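The following exercises are to be worked with the sequence and the model at hand. Each task is followed by a solution in steps.

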Amino acid sequence: MSTEQEPTTPRAELSQALPPEQQGQPEVDDHAAALDELQDRWRRALADLDNLRKRHAKERDAVRNEERARTAAAWLPVVDNLDLALTHAGSDPSAVVEGVKAVRDQAVDVLRRLGYPRYEETGVPFEPAVHEVVATVDDPDAEPNAVVQVVRPGYGEGSRQLRPAAVMVSKRQE
């Protein structure tokens with residue numbers, strides 16, 4: 001003899017909980033049918049939620065891939081111009097330097113169009129949110145805590161900052 005009971009359905013549990021004289025009556029059948037309908041709707045809602053999660057995951061991946069392709073396409077002209085500069089590396093050195101500067105300007109413009117403008121101002125007050133101090137200098141001509149020199153430019157602004165500008169700042173004069 002087994003101590004395990006077979007699983008019961010909500011309809012069977014409902015009919016077992018009722019006194020024998022009420023079992024099989026139309027009211028009990030209506031309640032059981034309503035319970036079955038609610039369970040069916042609940043299962044359908046769970047399936048819909050699972051399908052929604054899968055659809056959103058696919059859409060997110062598609063948007064990510066499209067954005068990667070758009071960003072890579074924006075950089076292709078820069079790469080093409082670097083290749084062109086390398087083919088002329090044996091020619092006039094000043095022309096090569098001018099070409100490399102033009103490619104750098106093009107790369108900076110790509111970053112600007114992607115929402116990350118270059119930040120390299122001097123003479124402005126030091127701001128920890130956009131500057132990273134790499135050195136302090138004693139400059140009597142500069143205001144205290146002013147950016148004297150930009151060692152490495154920063155890119156972006158506000159919450160979209162890629163990196164802060166590495167700067168040299170004037171000391172407080174005593």
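A charge sits over a ring if NZ of Lys or CZ of Arg is within 6 Å of the ring centre and within 35 degrees of the ring normal. The model to which this criterion is applied below is a predicted one.

**Exercise 1. Rings and charges**

Task: Determine how many aromatic pairs the structure holds, and state which ring lies under the charged end of Arg160.

Solution. Begin with the ring pairs: the structure holds zero aromatic pairs. Turn next to Arg160, whose charged end sits over the ring of Tyr116. The distance to the centre of that ring is 4.9 Å, and the cut-off is 6 Å.

**Exercise 2. The overall layout**

Task: Describe the order of the elements along the chain and the extent of burial.

Solution. First, count the elements: the chain has three helices and five strands. Second, read them from the N terminus, which gives α-α-α-β-β-β-β-β. Third, consider burial: 17% of the 174 residues count as buried. Fourth, consider the surface, of which the chain exposes about 13,300 Å², with 53% supplied by carbon and sulfur atoms. Finally, take the contacts between residues at least 6 apart in sequence; 56% of these join residues at least 24 apart.

**Exercise 3. Helix H2**

Task: Compare the expected span of helix H2 with the distance between its end C-alpha atoms, then locate its bend.

Solution. Helix H2 covers residues 26-87, a total of 62 residues. At 1.5 Å a residue, the helix should span 92 Å. Its end C-alpha atoms are 91 Å apart, so the two values agree. The helix nevertheless bends by about 30° at Trp75, and Pro77 follows within four residues. Buried positions in H2 are Val28, Ala32, Ala74, Val78 and Ala85. An α-helix has 3.6 residues a turn, so residues three or four places apart point the same way.

**Exercise 4. Buried or exposed?**

Task: Classify His131, Ser170 and Ala102 by relative accessible area.

Solution. His131 is found in strand E2. Its relative accessibility is 4%, so His131 counts as buried, the limit being under 20%. Its contacts beyond four places in sequence include Tyr119, Phe126, Val147 and Pro164.

Ser170 belongs to strand E5, residues 165-170. Because its relative accessible area is 1%, Ser170 is buried too. It touches residues including Val137, Ala142, Asn145 and Val148.

Ala102, in helix H3, has a relative accessible area of 44% and is therefore partly exposed. Its C-alpha atom is separated by 9.7 Å from that of Leu82, 20 residues away along the chain.

**Exercise 5. Two loop residues**

Task: Place Asn145 and Pro117 in the chain and describe their surroundings.

Solution. Asn145 lies in the loop between strand E2 (131-137) and strand E3 (147-152). With a relative accessible area of 30%, Asn145 is partly exposed, and Ser170 is in contact with it. Its phi is near 60°, a positive value in a residue other than glycine. Most residues other than glycine have a negative phi.

Pro117 occupies the loop between helix H3 (93-113) and strand E1 (118-119). It touches Leu111, Arg112, Gly154, Tyr155, Gly156 and Glu157, leaving aside residues up to four places away in sequence. Pro117 and Leu162 are 45 residues apart in sequence, while their C-alpha atoms are 9.6 Å apart in space.

Methods
Residues are numbered from 1 along each chain as its sequence is written. This is a predicted model: local features need pLDDT of at least 70, side-chain atom pairs count only at pLDDT 80 or more; totals for chains, interfaces and linings use all residues. Side-chain values use heavy atoms; hydrogens and water are left out. Buried means under 20% relative accessible area, exposed over 50%, partly exposed in between (1.4 Å probe, protein chains only). Contact means heavy atoms within 4.5 Å. Accessible areas come from the Shrake-Rupley method with a 1.4 Å probe; for residues, only the protein chains shown count as cover. Rings of Phe, Tyr and Trp (its six-membered ring) pair if their centres lie within 6.5 Å; planes under 30 degrees apart count as stacked, over 60 as edge-to-face and the rest as tilted. The expected span of a helix is 1.5 Å times one less than its number of residues. The bend at a residue is the angle between axes fitted to the seven residues ending there and the seven starting there.
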